Amino acid sequence: MVTESEVRKALGQVQDPEHGQSIIALGMVRDLEIQGGKVTFTLALTNLACPFKDRMVNGAREAIQSLEGVKSIDIYLAEMTAKEKAALTREDAPKSVAEKLNDVKHVIAIMSGKGGVGKSLVTGLLATSMRRMGHKVGILDADITGPSIPKMFFKDGARPEASPMALLPPKTRTGISIMSINLLLESEDQAVIWRGPLISNTIKQFWTEVLWGDLDYLLVDLPPGTSDASLTVLQSLPMSGVVLVTSPQNLAGMVVRKAANMVRDIGIPILGLLENMSYFVCPDTGAHHEIFGKSNPEDMASELGMPFLGCLPIDPLITSLCDRGEVESYPGDLFEPFAGRIVELAPAASSPKMQKHSS
Ligand SMILES: Nc1ncnc2c1ncn2[C@@H]1O[C@H](COP(=O)(O)OP(=O)(O)OP(=O)(O)O)[C@@H](O)[C@H]1O
Ligand SMILES: [Mg+2]
C-alpha cells in the first residue's frame, strides 16, 4: 500500500513556477489522506486565479499516479490566507519574477499616427477574434492618459489581484487577460497627470510585474502618435510586429507614414495596414457610402511596402457594444478575416529571440 511519506516525496518533485520551489516546501499541500489506495489532499494556492494552477494540479497527479497502490486521486483547491501569502514573500525576492515566468509568444502593438482612428477598437476586436480562434490572448493598455480598453470589456469594472510576487490581470468573459491603468485607479474618471518618464515606467511595469502566464498573443493598445509611450513599448517590449490603423483622410495618410517610419527605424516588422471607418452600409438599401470620402489604402500600403489587411466599415453596433462593455459580443464574420491574416503574419515576423520569456 502507498504511504503518506511516499506521496509527500513524489509531490516534492512538483514545482510552483511562481516561487521556484516545490509545493511541499512551500506548504501548499494540506489535509493529505490516504485510504485504501485513494489519495486526497488540498492544494493551497497563493491565488485561486493563479495562471499556473492547472500546471501544478496536473504535475501533482502525474507525480502520484505512478506510485504503486494508488487507485484514485482527489485534489481540492484552496487559497492561502493573507498572512501565509505574506510569509512567502522573501525580502530578497527578485523584482521581476513575472517576467521570468511569463511565456508570451507574440507581442503585437496596434498603432496609428493620428488619434481617434480606432486603434483601441481594433485591439479589442482583434483580441476577441483571436480568442474565438482558440488562442490565449492578453491586452496591455499602453494608453496611460486615455485608457479605453477596460470599458470595452468590463461592464461592472474589474480589479487585478495581487499575488505576493506580481499582479494578476483580470480576465474578461471569454478569458482575455487585461491590464490597464484604469483597473488600478480608484475611479475610472480619475485623471492621470504624469510626465513622460512615469508613464514609460508604468508601461514597463505592465510587462515586468504582471503575471500574464502563457499567452499566444499579447496585444498592446498604443496611445495616438509617435510619443514617448509608443517609443517605450517598441523599444522595451520584445515586439513581433506592429499593426497600423488609419482612416480615410489625407491627414491620416500623412501621419501613418510618420508612424511607419518610426517603427522601421527601430527595426520592428510592420504586419500590415488596416483602414477603419472606410464606408457605411445603409441598413435600408444595402448601399455603401464612403462618408469620409474616397481613399486608396491599398496603394498606400504598397507604397509603404507593407501588406494591406483590409477595410472596416463604420458600424453603430460596434460603438454601442463598446460603450456597454460588450465588445466580445460583436459578431465575428466581419473581423475574423483580419485576425486570421495577422495570426498568419505574426509567426513569420517573430525572430526566435523574441519567442523566449520563460526562464
Ligand atoms: N468602425 C467603427 N464603427 C463604429 N464606431 C467606431 C468604429 N471605429 C471606432 N469607432 C468608435 O470611435 C471611437 C474612437 O475609437 P477608438 O477609441 O478605438 O480610437 P483610438 O484610435 O483608440 O483613439 P485614441 O487615439 O484616442 O486612443 C470609439 O467610440 C469607437 O467605439
Ligand atoms: Mg485608443
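In this predicted model, helix α5, spanning residues 119-132, lies across five strands of a sheet: β6, β7 (137-141), β11 (214-221), β12 and β13 (270-275). Relative to β11, helix α5 runs at about 165 degrees.

The sheet itself is a good place to look next. Its 7 strands form an open arrangement with parallel pairing, and reading across it gives the order β10-β7-β11-β6-β12-β13-β16. At the edges stand β10 (177-179) and β16 (308-311); each has a single partner strand, so one side of each is left without a neighbour in the sheet. From one strand to the next, the twist averages 20 degrees.

One pairing within this sheet can be followed down to individual residues. Strand β6 (residues 103-111) and strand β12 (residues 241-246) run parallel and are joined by 4 bridges. Here Ile-108 stands opposite Gly-241 in β12.

Attention now turns to a pair of helices. Helix α7 covers residues 196-208 and helix α8 covers residues 228-236; their axes come within 9 Å and cross at roughly 35 degrees. The crossing of α7 and α8 is right-handed. On the α7 side, the contact is made by Gly-196, Ile-199, Ser-200, Ile-203 and Lys-204. Helix α8 contributes Asp-228, Ala-229, Thr-232, Val-233 and Ser-236. Sorted by class, the residues in the contact of α7 with α8 are a mixture: 4 are nonpolar, 4 are polar and 2 are charged.

Definitions and conventions. Residues numbered from 1 in each chain as written. Chains lettered and ligands numbered in written order. Predicted model: local features only at pLDDT ≥ 70, side-chain atom pairs only at ≥ 80, totals over all residues. Pairing = 2+ DSSP bridges. Helix = DSSP H or I, 4+ residues; strand = E, 2+ residues; numbered from the N terminus. Axes fitted to C-alpha atoms, helices over the stretch in contact; angles between N-to-C directions. Contact = placed C-beta atoms within 7 Å. Left-handed = near helix turned anticlockwise from the far one by under 90°. Nonpolar A, V, L, I, M, F, W, Y, C, P; charged D, E, K, R; others polar.
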